[in-house]
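Please open the model in your viewer and keep the selection panel at hand. The stops below are meant to be taken in order, one selection at a time.

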Amino acid sequence: MIFGLEPHVFFAFLSWPIIYIIIAIIMYFVMAKHDKKEEAWEKAYDEWQASLKGEAPAEGGEDE
Amino acid sequence: MTEEKKEINKVEIKCIRNGFKMEDAFQRLYKRSKHFTIENMDLLFYPYLLIEYEVKFRGKLEKLSETVLVLCDMWRGQFSMAKTAGDFTKIQVDESSLIPVKYDKERAIKEGPRTVYGEIQAKKKVLNIPDIEYLYDELIYKPFYIVECKNDEQEVFHILFDAVNGDFSLLNA
Amino acid sequence: MIGGGVTEYVVLLIYLFGMIGIGVYWAKHTSTSEDYLLGGRKIGSVLTALTLQTTSMSGYMFMGGPAQSYKEGYFTLWYAVGDGGGAIFNVGILGKRMRRLSYFLGCLSPIEYIEKRYPGKATRIIAAIIAICFVYGYVLAQFLSAGKTMCALLGVPLPIAIIIGAGVIVFYTFAGGYLAVAWTDFIQGIVMVCSMVTIFILAWNQVGGLTGLNEGLRALDPTYVGMWGKDDMYLGQWGVVAGAVGVYLIGYMGLPHVVIRHMAMEKPSLAKQTVVIATVWNQLFIFVPYIIGLMGILMLPNIDDPEMVVLTMAYELLPGVLAAIVLVAIMSAIMSTADAQLMLMGTMLGRDIYQRYINKDATDKQLMNVSRICILAVGVISVIIALVQPPGVFQLVVFSFATLGSSFLPSYVGAVWTKWGNTTGCYASMVSGCIISIVWEAAGLASVTGMHTFFVGIIVSIAAYCIGSAIGKPPTEEMKDLIDRAGCKIKIPTGLATANYKDIAPETNGVLTFLKDSTYMEERGFQPV
């Protein structure tokens, strides 16, 4: 018996809070790792977008 | 590119004058992004049939006569209307740099008016069908640059650069 | 009647005026319609986490949960098992990507988001009708339970109790919009957990801890502490267990009024804090009410109405003022659910119906006014229905939850995680998910088949989404690009593909086919395309 419950009943119902907190903490670090990549990506993306805006669009047929 | 082949297969074509020479294209591409290098670049000519038609309206109040230009993409058989004939030049080019004409010329001339009808109906809301008469046609080419680039990770990618107006897009996106 | 003394009135008044104060404060600080509808996308991680969860929990957690475990024993904890992990799924799967995609698509309401991701003439109208009907089911249920709580505790007649409760909910939703909702949710969340945990600790001591509780229950009836409910009533019914766990584990991802919180997140990177805060919060809060229900079996064996178990225990265990605060906590749970849903209905009726079908050029100010009028109207209609012919509260909540979840979950998840999910799939899953839930519930098939309504609804809805998407037209290239962008999957150096792409595209395709079939590249020393 665990806390007066049969082990399978205890694990089926009451082990989850611990499991979920552990999963959430692992997810935090996994997501933090992703965030770093994504932030670098977003920065590069913004730079690229800015470089596009800085460029004057060419009107067709500039004669030689 | 091989000099030898160029010598053997030179042909004269009528081509839309290119507003962007190779150096201009270089500059324009580098201005957009610094995260790549240009490894190779060459011209490619895209075939179009420029067809001129005369359109005659016979409305109740007005009689109109107008000439229109239709461009037929001779590689894929797609039609579009052209605003002006444009500025052409005759040049000698390597035959292998031409995309071949795959579409039948007679068929293009016959089918061109359909595009004109569509355009007139959409733009001018004219319901009666105008008479459309064929005037003349001419095979012309539009110049493009094929540009081979490498990004920061040394991955190769290709850009199609429109040598007439400087638009470009990724080829293998 | 349990309460009805002066203390209850004083505590309740202080609380209500506090909430009204927050509403007025934010009304003065709300300027543009983006502020009103989504709190200007400035909700930080703690607030996102807490509002996400308090929004999801209603009076059901104070009344329905404990009442059910009081009746059925440990089996009811399957719902808590699902609920405890809900945030991990909800924020982890949808959070960041949905925040980005909704930003790229420029949408403020969860229905607008569906429509832009799945463009089609009928998208908005189907989504809006389902959402308005079943979110309304929720709103009505909250108004009813708020009224019942007030009536039981303050000793006022039900009609007056309903009008007071509804009035306050409508007022601060109406006055301050989402910011008011978010901030009052935050405060309500704190009050809720403190109250619950206080009762829990006191009751824990009385029953002799977890071991004492379980041994006591076993002595009364061993099936209370078994896996399959009192008298083994669900023995071997895994379809019911799967539905009970799944409905809260994944069901939140289909609830428009919950997923709207992702769209309001200040930065996508806040999602990770949200997962942790929300999950820890859930473990504190979600299991507790069910266990209090179990404790009630020992402490209050002869209670008339199991739904009153938490309230009665509060009065048994706490001095008058603290008991009154628990009452307020219950009201606050109900209100936080109700005002978020009222807010959503304001958004849907304003943006999705008024701006879309009535006045396309509505200014920010007009839109805000329309949303406010709609919120007021919904409140008034709810009060009228609650007074004239009140339906059962808990059936309404469970049914609305299962139907919304089944109708929208595949579309919300598929929106950011698949590039093949398309309009046909969205239509198919919304319509089939909604219809199957209604039919299953109306025909009472859950008890006949041993399959939970949500379990069946979600399977049918996911299948319909996949089949519909396989048949229908795939999303446009632009949409696929945006989905990639929401997942940060676009290669930047290849960003030389410019805005000119569209003009040149026909020739690009032509050139590509030519280059692939010719020796052009090879002759000139290019690498193949």
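Begin by selecting chain A, where buried residues make up 12% of the 64 residues, and bear in mind throughout that this is a predicted model. When you colour chain A by secondary structure, you should find two helices and zero strands.

Next, add chain C to the view and look at the contact between the two chains, which takes 25 residues from chain A and 29 residues from chain C. On the side of chain A that touches chain C, the elements giving two or more residues are α1 (7-14) and α2 (16-54) of chain A, and α2(A) gives the most, with 19 residues. The residues of this side of chain A divide into 21 nonpolar, one polar and three charged.

Now turn to the largest nonpolar core, which has 166 residues, and select C:Val139, C:Phe143 and C:Met345, the residues with the most contacts inside it. Helix α16 (residues 320-358) of chain C supplies the largest share of this core, 20 residues. If you centre on C:Val139 and set aside its neighbours within four places in sequence, its contacts include C:Ala338, C:Leu342, C:Met345 and C:Val378. Another core, of 44 residues, lies apart from the one just visited, and B:Ile99, B:Tyr145, B:Val147 and B:Val164 are among its members.

For the last stop, select helix α5 (residues 64-72) of chain C, which is largely enclosed by the rest of the structure because eight of its nine residues are buried. Among those buried residues are C:Gly64, C:Pro66, C:Tyr70 and C:Glu72. Just after α5(C) comes C:Gly73, whose phi is positive, near 80°.

Conventions
Residues numbered from 1 in each chain as written. Chains lettered and ligands numbered in written order. Predicted model: local features only at pLDDT ≥ 70, side-chain atom pairs only at ≥ 80, totals over all residues. Buried ≥ 20, exposed ≤ 12 C-beta atoms within 10 Å, placed from the backbone. Helix = DSSP H or I, 4+ residues; strand = E, 2+ residues; numbered from the N terminus. Contact = placed C-beta atoms within 7 Å. Nonpolar A, V, L, I, M, F, W, Y, C, P; charged D, E, K, R; others polar. Core = buried A, V, L, I, M, F, W, Y, C linked by C-beta atoms within 7 Å.
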